[in-house]
Amino acid sequence: MNAPANDREKDLMGMGMSRLRKEDARFIQGKGNYVDDIKLPDMLHMDIVRSPVAHARIVRINKEAALKVPGVIAVLTAQDLKPLKLHWMPTLAGDVQAVLADEKVHFQMQEVAVVIATDRYAAADGVEAVEVEYEELPVVIDPFEALKPGAPVIREDLAGKSAGAHGERYHHNHIFTWDAGDKAATDAAFASAPITVRQDMHYPRVHPCPLETCGAVASFDPVRGELTTWMTSQAPHIVRTVVSMLSGIPESKVRIISPDIGGGFGNKVGIYPGYVCAIVSSIVLGKPVKWIEDRIENLSSTAFARDYHMTGELAATADGKILALRTNVIADHGAFDACADPTKFPAGMFHIVSGSYDIPSAYCRVDGVYTNTAPGGVAYRCSFRVTEAVYLIERMVDVLAQKLGMDKAAIRSKNFIRREQFPYTSAFGFEYDSGDYQSAMDKVLAAVDYPRLRAEQAQKRADPACPTLMGIGLVTFTEVVGAGPSKICDILGVGMFDSCEIRVHPTGSAIARMGTISQGQGHQTTYAQIIATELGISSEVIQIEEGDTSTAPYGLGTYGSRSTPVAGAAIAMAARKIHAKARKIAAHLLEVSEADLEWEIDRFKLRGNDDRFKTMKDIAWAAYNQPPAGLEPGLEAVHYYDPPNFTFPFGAYLCVVDIDKGTGETSIRRFYALDDCGTRINPMIIEGQIHGGLTEGFAVAMGQLLSFDKQGNIQGNTLMDYFLPTAVETPKWETDFTVTPSPHHPLGAKGVAESPHVGSIPTFTSAMVDAFAHLGVTHFNMPHTAFRMWHQLKAVGLAG
């Protein structure tokens, strides 16, 4: 069939098309398959006894009453795990963490014991019946207090150790000191600079709070010595490696399956004690064991995000040219360093903190600290501390503009890395691949009529009777994503490459397996679109599989916006291997030289003759039927892609807010978000990802907070208190884009899902602070709730 090229292009539904998500048909019919849907014969259920106090010695644990509860099979404590050497486990950050509290508890809601029963209700009753006697110890929840000489010792297991996984420790509650940049050059620039500004800020502790909580179903076969575990994991292969290391079971006999996952946002990268306990329980009892946590457990004990106490400084000329950046951070990591950061960078990619600006000298230092709070520090919809870094530099540029009396847009234009400077090496050593920041910002300013907004704001400020304060936030951010390359990043020594295996069947359909795992990003759709464009096979007949370590090639999972930058590249490269073989087969079938062929959408045709061609469907059949002599039958390929560099998506966001002077209530009047993610694979899915990221950014900036009282009791660990916006609260989003392809990526793609979260949060703060800027306010910390805004209004004399 020689259909018109346009029709064949549409039939492919390949890259650039806004095709509907392939996976949605089953989800909207309730046909998803989540961990809690797994039901196995003779399956037992596990629940966890958790500490009600934040710091205490365990005097005794009495199991007797619990073992008498009908249906309870067993109660396990650290003492039961010690003979198996499973009472402690390694973290992804190089620390160790108690699986079950070993002689003392370090934070409220820490795992103390597990109860295994015939059903989840009996397990819950058993948890209530376990008696634990605690001898309470002094609590420290402030990282600055934790570093004082007389502070309580949180990690007694580290007593006498002056060095940790990342170098010297100078205090018993100190974890690491990590720095980047040129301190001497930066200090010298500050010493001679005409203008300097400094601002303290706290990026508070928040939580990704995915719709689905964490859980596992572990099934150990004692006859075969094989372990199969269904798990809510964003990185099933690295979990398999860790489980093998912990249990001693050969990795070839460990199978980790991540089925459908109801959101992750970084929360499901790490390995939690509940996973390990379910696995141990199955090994010990010889039966499948299921553990599903509840919402309070999820908010209280799974990995939090942020909690960075940051001090930013800028040195500049009198006309606003930035000369140097200096930042110091005290990072609260909780009781164990369980951050899901690349091993070589204990503070993740925080050194992207120079942002979109051409800053000659820069230095940053981060000190990690133990406190009596839950462990964490996950990359909540960002690449390893990038959100904190972007927040700091964007706030500091606003602070500098305010001191100099410059407009936010003007100071950014003055300091942007220019288009002709790319590839650009930052003062921290990042090689930015491509960008056009000025054009992106100009497009946003024109779209919202920025001069008119500023004129309206000036008019309202001049009117003392105006009932609201108007704020305009502007942020121009650069992200670093595509976790890898292995020469820079690894997880527990495993390089951060990713993988793809593609098999084209004789009839022309295909199946592809990847080392990533979707948590709602639409991989089944976008991955198939990449293959469709590369191989000329309709994306409708391309099946995508992920998440099963027994079928998928080894990969490092999905987080840090690495799906398209790393796995997408692996897909393209695997497809190109097949494409090259297909060309040989086509030349054989057409009895011409390969050089005589040209590719057109879904076929190889004889150059200059549209009537002589072989489609990929023809070629697939021939690959299994009549391949050329000496050419191996079949049409399949595997590719492992280790990226040469990160990718650097960027954006320009603008927000307009109106704050009621009487109540502190804030109305988000307008939010305009322009993103540049390089090549756009599916514009509709990109829009969905941007809307989701903006909504989470709105939640963080305007309401999310996990705090603790002085006794270490967690506050706000239910959805009655922790802010998750609904359609009622969420603003209307206006989106836009530019396209600046990555020069080193096979598709030119950069990644997008995290950018709206990273960029929106400082934009909201920029707008909120801007509303008070004419009153001398330079910064206030998140979240910007009505109650906090009312206090801010009161502080400047505008509220009674």
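A residue is called buried when its relative accessible area is under 20%, and exposed when that value is over 50%. I begin with this definition because the cut-offs decide how several residues in this talk are classed. Please keep in mind as well that we are looking at a predicted model.

Let us apply the definition at once to Ile761. Is Ile761 buried or exposed? Its relative accessibility is 0%, under the 20% limit, so Ile761 counts as buried. The residue belongs to helix 19, which covers residues 755-770. Leaving aside residues up to four places away in sequence, Ile761 touches Tyr203, Thr387, Tyr391, Gly697, Val700, Ala701 and Met782. I would also note its distance to Thr476: the two residues are 285 residues apart along the chain, and their C-alpha atoms are separated by 12 Å.

Allow me now to step back to the protein as a whole. It contains 20 helices and 36 strands. The radius of gyration is 28 Å, close to the 28 Å that the globule rule gives for 800 residues, so the protein is as compact as a globular protein of that length. Measured out along the principal axes, the C-alpha trace spans about 85 × 75 × 50 Å.

How much of the protein is buried? Of its 800 residues, 63% count as buried. The surface that the protein exposes amounts to about 28300 Å², and carbon and sulfur atoms supply 53% of that area. As for contacts, consider those between residues at least 6 apart in sequence: 79% of them join residues at least 24 apart. Turning to charge, the protein has 75 positive and 94 negative charges, and the mean positions of the two sets are 2 Å apart.

One part of the chain carries an annotation. In UniProt, an unreviewed entry assigns residues 29-138 to "domain: Aldehyde oxidase/xanthine dehydrogenase a/b hammerhead". Within residues 29-138 the chain is 16% helix and 37% strand, and the C-alpha atoms at the two ends lie 52 Å apart.

Thr77 is placed in strand 3, residues 72-77. With a relative accessibility of 5%, Thr77 counts as buried. Which residues does Thr77 touch, not counting those up to four places away in sequence? They are Ile61, Lys63, Leu100, Val112 and Ala113. Thr77 can also be related to Cys277, which is 200 residues away in sequence and 9.7 Å away in space, C-alpha to C-alpha.

For an exposed residue, I turn to Ala465. It sits in the loop between helix 14 (450-461) and strand 22 (468-478). Its relative accessible area is 64%, over the 50% limit, so Ala465 is exposed. The C-alpha atom of Ala465 is separated by 28 Å from that of Lys732, a residue 267 residues apart from Ala465 along the chain.

Next, some details of the backbone. Where are cis peptide bonds found? One joins Gly484 and Pro485, with omega about -5°. Pro485 is in the loop between strand 22 and strand 23 (490-491). Another joins Met782 and Pro783, again with omega about -5°. Pro783 is in the loop between helix 19 and helix 20 (786-795). Met782 has appeared in this talk already, among the residues that Ile761 touches.

Finally, two residues other than glycine have a positive phi. The phi of Ser561 is near 50°, and that of Glu591 is near 55°. Ser561 lies in the loop between strand 27 (542-545) and helix 16 (563-590), whereas Glu591 lies in the loop between helix 16 and strand 28 (597-600). The definition from the start serves us here once again. Ser561 has a relative accessibility of 11%, under the 20% limit, so it counts as buried. Glu591 has a relative accessibility of 73%, over the 50% limit, so it counts as exposed.

Conventions
Residues are numbered from 1 along each chain as its sequence is written. This is a predicted model: local features need pLDDT of at least 70, side-chain atom pairs count only at pLDDT 80 or more; totals for chains, interfaces and linings use all residues. Side-chain values use heavy atoms; hydrogens and water are left out. Helices (H or I, at least four residues) and strands (E, at least two) are DSSP runs, numbered from the N terminus. The radius of gyration is taken over C-alpha atoms; the globule rule is 2.2 Å times the number of residues to the power 0.38. Buried means under 20% relative accessible area, exposed over 50%, partly exposed in between (1.4 Å probe, protein chains only). Contact means heavy atoms within 4.5 Å. Accessible areas come from the Shrake-Rupley method with a 1.4 Å probe; for residues, only the protein chains shown count as cover. Lys and Arg count as positive and Asp and Glu as negative; His and the chain ends are not counted. The place of a charge is taken as NZ of Lys, CZ of Arg, CG of Asp or CD of Glu. UniProt positions are given in the numbering used here, feature names are shortened, and annotations may be inferred rather than shown by experiment.
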